[in-house]
Amino acid sequence: MEMVNVTIDGQKLQVPKTATVLEAARIAGVKIPTLCYHPELRPEGNCRVCMVAVAGARSLVASCVYPVNDGMVVNTNTADVREARKTVVELLLANHPQDCLSCQRNLNCELQSIAGDLGIRKVRFDGERKNYPIDENNPSIVRDQSKCILCGRCIRACSERQGVHVYSFANRGFDTVVVPAFNQGLHEVACTYCGQCASVCPTAAIVVKDDTQKVWHELSNPGKHVVVQTAPAVRVALGEALGLEPGAIVTGKMVAALRRLGFSKVFDTNFAADVTIMEEGAELLDRLEHGGKLPMITSCSPGWVNFAELVYPELLDHLSTAKSPQQMFGALVKTYYAEKTDVNPQDIVSVSIMPCTAKKAEAARSEMNSSGLQDVDYVLTTQELAAMIRQAGIDFNTLSNEEYDAPMGIATGAGVIFGATGGVMEAALRTVAEIATGKELECIEFHGVRGLQGVKEAEVKIGETVVKVAVAHSLANARLILDKIKKGDCDYHFIEIMACPGGCIGGGGQPVSSCADIRQKRINSIYECDKCSQLRKSHHNPAVTELYENWLGKSMGEKAHKLLHTHYHPQNRC
């Protein structure tokens, strides 16, 4: 890589020739504030908060888009630079609602943080404020245009990262807004509810819908039996929101905290993930053996399912009919668990803790009631659980580890790797290979489907059959595979698609993080959980074996099909 010499605040260093001034400053350990910039999105230089002085330049420049050149001299901390940055931020604050103390992003707002770092104690300008209607007519996301600073991050995340293109700028000047087409609500356009827009928003203009008060109300009702399931990706992200290192594994502390919040039983979604593998694996073998629709595509990610229904309805018969682990759990808790414990299903309140905003919409789907009731009553994200723990005054870091409740808290490592891209594929292969051949695998780790590469391909020999598989994460990458299927230019047998970058660990409901390699750290922890598991194959889960032998019957059987399978339908929101 060709390098150039630059001087930043008197510090001489070499940086790549392709670097921007902002990237060079970070190499030098110099912090330059940013608002519109995001390391995973195309830089645009909209906000001008990152201005610096470059020797020879006629004016201050936006460091996020200004390239370095050999011999460049940069000053990031002159009086002019500090004043320019303060002026830009004050102008933003002049039009911004003054409700920081009650704002959902209080103490976790980039605008608020930068204002504090710049020493802004008084806003010199009195700007006009506009009242926009709150967009909250969908189950997952709330948009408050009055808090938008026009950074454009949501537009770029939706278009570049997801390939969905829901947002765009409209109008001009002071009337400029970021809106879906024709200023419609998210429930009226082709939004998948993945929440990636909320994960990059620097303020509270786009946030996860807060359902914590509804759950508090249920917990305070003595006539209700409130049970909770926790997704695999939550255990490696919750700690970040509560003061621990990124990627910290907090499974035991999380279970303890949930009991202190008042949940009657604390269960593990990984149990249902193991059930998912039994059903999805049986379905894959059936399609391979009897000429079913191939490639079969996983259906665990509701953001991906929404995308398929909205954009690729002609490919819906490729999706597995197996419900997601969340919905399988919901159906089983109000049938199997209710019968086993002699609890009236109508008294059971089923809550799930998920990394995913689209899970809220999935639980609200009209077909997710195979128990005779709404299978999952409430979905809280990792962010919302962290908020409840803080509200309850629980000192999370001092909690002792506790175990999940049986039987629906017994799970395998195959269930936990659902949280990472490639994990569903790997878990399925561990079981399908052994069931199909009757032989134990010599190695159960399929490294060919692991990692953060956008699309991964592998071939796996199962008996005498070579199974070709593919894994994609983020909807923009999913498009690449789906377009190949439409053209007939595809010989895959099995495909895993996850809507969010990195899989569930990068879900829109996870804690907003400034850590550059946060996804990799969470993924590393997911695989560490797997390695430490006593059982690592779904078909070895004794609680799942008991479920099938004593209650459910065989995989893909009549009872299993009624409770654990579904079909998807085209959506016409666009």
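A cavity is a set of grid points where a 1.4 Å probe fits but cannot get out. Keep that in mind for the views below, which all come from a predicted model.

**View 1. The largest cavity, a closed-off space inside the protein.** This cavity has a volume of about 260 Å³, and it's one of three cavities of 30 Å³ or more in the structure. Helix H9 (269-290), H10 and helix H11 (325-341) are the elements that each give two or more residues to its lining. In total, 24 residues line the space, and Cys-300, Pro-355, Lys-359, Met-498 and Cys-504 are the ones nearest its centre. Sort the lining by class and you get 16 nonpolar residues, seven polar ones and one charged one.

**View 2. The second largest cavity, with cysteines around its centre.** Here the volume is about 130 Å³. Look for Cys-148, Cys-154, Cys-201, Ala-205 and Ile-206: out of 17 lining residues, these sit closest to the centre. The lining splits into 12 nonpolar, three polar and two charged residues.

**View 3. The largest nonpolar core, a group of 44 residues.** Nonpolar side chains tend to be buried together in soluble globular proteins. In this core, the residues with the most contacts inside it are Val-166, Tyr-167, Leu-186, Ile-206, Trp-304, Leu-482 and Ile-495. Several elements supply at least two core residues each, among them helix H4 (153-161), helix H10 (302-311), strand E16 (465-473) and strand E17 (494-498). Which helix gives the most to this core? That's H16, with five residues.

**View 4. Tyr-167 and the residues it touches.** Zoom in on Tyr-167, one of the core residues with the most contacts. Skip its neighbours within four places in sequence, and Tyr-167 is still in contact with a whole list of residues. Three cysteines are on that list, Cys-154, Cys-158 and Cys-197, and so are Ile-155, Val-178, Val-179, Pro-180, Leu-186 and Ile-206. Arg-143 touches Tyr-167 too. Two of these partners, Cys-154 and Ile-206, also turn up by the centre of the second largest cavity.

**View 5. The second largest pocket, an open space this time.** The pocket has a volume of about 530 Å³. Its lining counts 23 residues, with Arg-235, Thr-251, Asp-268, Glu-403 and Tyr-404 nearest the centre. Helix H8 (251-261), helix H14 (413-416) and helix H17 (518-531) each chip in at least two lining residues, and H8 has the largest share, with three. By class, nine of the lining residues are nonpolar, eight are polar and six are charged.

Technical notes:
Residues numbered from 1 in each chain as written. Predicted model: local features only at pLDDT ≥ 70, side-chain atom pairs only at ≥ 80, totals over all residues. Heavy atoms only, no water. Core = buried A, V, L, I, M, F, W, Y, C linked by side-chain atoms within 4.5 Å. Buried < 20%, exposed > 50% of the residue type's maximum accessible area, 1.4 Å probe, protein only. Helix = DSSP H or I, 4+ residues; strand = E, 2+ residues; numbered from the N terminus. Contact = heavy atoms within 4.5 Å. 1 Å grid on protein atoms, 1.4 Å probe; cavity = no way out; pocket = protein on both sides within 12 Å on 5 of 7 lines; lining within 4 Å. Points joined across faces, edges and corners; volume = space filled by probe spheres on them. Nonpolar A, V, L, I, M, F, W, Y, C, P; charged D, E, K, R; others polar.
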